[in-house]
Amino acid sequence: MTDVHFVVTADFDSSSRAVWDELVDWKAHEAWIPATRVEVEGDDPTAVGATFTAWTGFGRLALEDRMRVAECTWSEATEQGACEVEKLGPVLRGRAGFTVVPHGPGARVEWIEDVTMRRLPRLLAPVAAWFGAMGFKLGMRRLNRLLSQRN
């Protein structure tokens with residue numbers, strides 16, 4: 001097991017609520033995270049204990065990422081939210097999460113991945129972190145464009 005950690009911060013032109021609503025819609029991640037499809041279980045995907053699975057990649061090269069919601073809270077008063085999921089395997093274990101806060105006329109998201117990867121040599125941990133961060137940076141840019149088109 002090799003530790004992989006990265007943090008991505010992105011600014012959005014949309015309100016923090018609009019960004020939050022899109023981020024906690026796990027199925028909607030398919031529209032902005034590259035090469036990803038998602039299956040959600042249950043009626044309330046943000047409830048603690050709710051599970052979902054994302055596959056990122058193509059065909060047999062897709063990485064299966066099973067997750068369970070550990071925390072997902074939104075404050076109307078401060079227009080801020082925090083969500084954390086547990087990574088359940090089979091390849092990634094650990095935690096990931098994000099916060100959404102108002103920032104200027106829009107919002108700021110901080111996305112954190114703190115996982116261990118099976119079968120990844122320690123030497124490649126910085127490479128995996130770089131690719132993970134780049135994928136999320138690309139996804140955040142795509143999400144910002146998607147939300148801007150809706151306004």
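Here a trainee and a mentor talk through the labels used for this predicted model.

Mentor: Quick ground rules: this is a predicted model, where local features need pLDDT of at least 70, side-chain atom pairs count only at pLDDT 80 or more, and totals for chains, interfaces and linings use all residues. Residues are numbered from 1 along each chain as its sequence is written, and side-chain values use heavy atoms, with hydrogens and water left out.

Trainee: What makes R17 and E76 a salt bridge?

Mentor: The term asks for a side-chain nitrogen of Lys or Arg within 4 Å of a carboxyl oxygen of Asp or Glu. R17 and E76 come to 2.4 Å, N to O, so the pair qualifies under that cut-off. The two sit in distant parts of the chain, 59 residues apart: R17 in helix α1 (residues 16-23), E76 in the loop between β4 (63-75) and β5 (80-90). Helices (H or I, at least four residues) and strands (E, at least two) are DSSP runs, numbered from the N terminus.

Trainee: Why is E76 called exposed?

Mentor: Buried means under 20% relative accessible area, exposed over 50%, partly exposed in between (1.4 Å probe, protein chains only). E76 has 56% relative accessibility, so exposed is the word. R17 has 33%, so R17 is partly exposed.

Trainee: And R37 with E39, what makes that a salt bridge?

Mentor: Their closest N and O atoms are 3.4 Å apart, so the pair passes the definition too. R37 is partly exposed at 42%, and E39 is partly exposed at 45%.

Trainee: How do you know that R95 pairs with E84?

Mentor: The closest N and O atoms are 2.8 Å apart, hence a salt bridge. This pair also links distant parts of the chain, eleven residues apart: R95 is in strand β6 (residues 92-103), E84 in strand β5. R95 counts as partly exposed with 37%, and E84 likewise with 26%. R68, E84, E86 and R95 are linked in a network of salt bridges. The structure holds twelve salt bridges.

Trainee: How do you know that the radius of gyration agrees with a compact globule?

Mentor: The radius is taken over C-alpha atoms, and the globule rule is 2.2 Å times the number of residues to the power 0.38. For 151 residues a compact globule would be near 15 Å, and the chain has 15 Å, so the value agrees. The C-alpha atoms fill a box of roughly 45 × 30 × 25 Å along the principal axes.

Trainee: What is the order of the elements from the N terminus on?

Mentor: They run β-α-β-β-β-β-β-β-α, which comes to two helices and seven strands.
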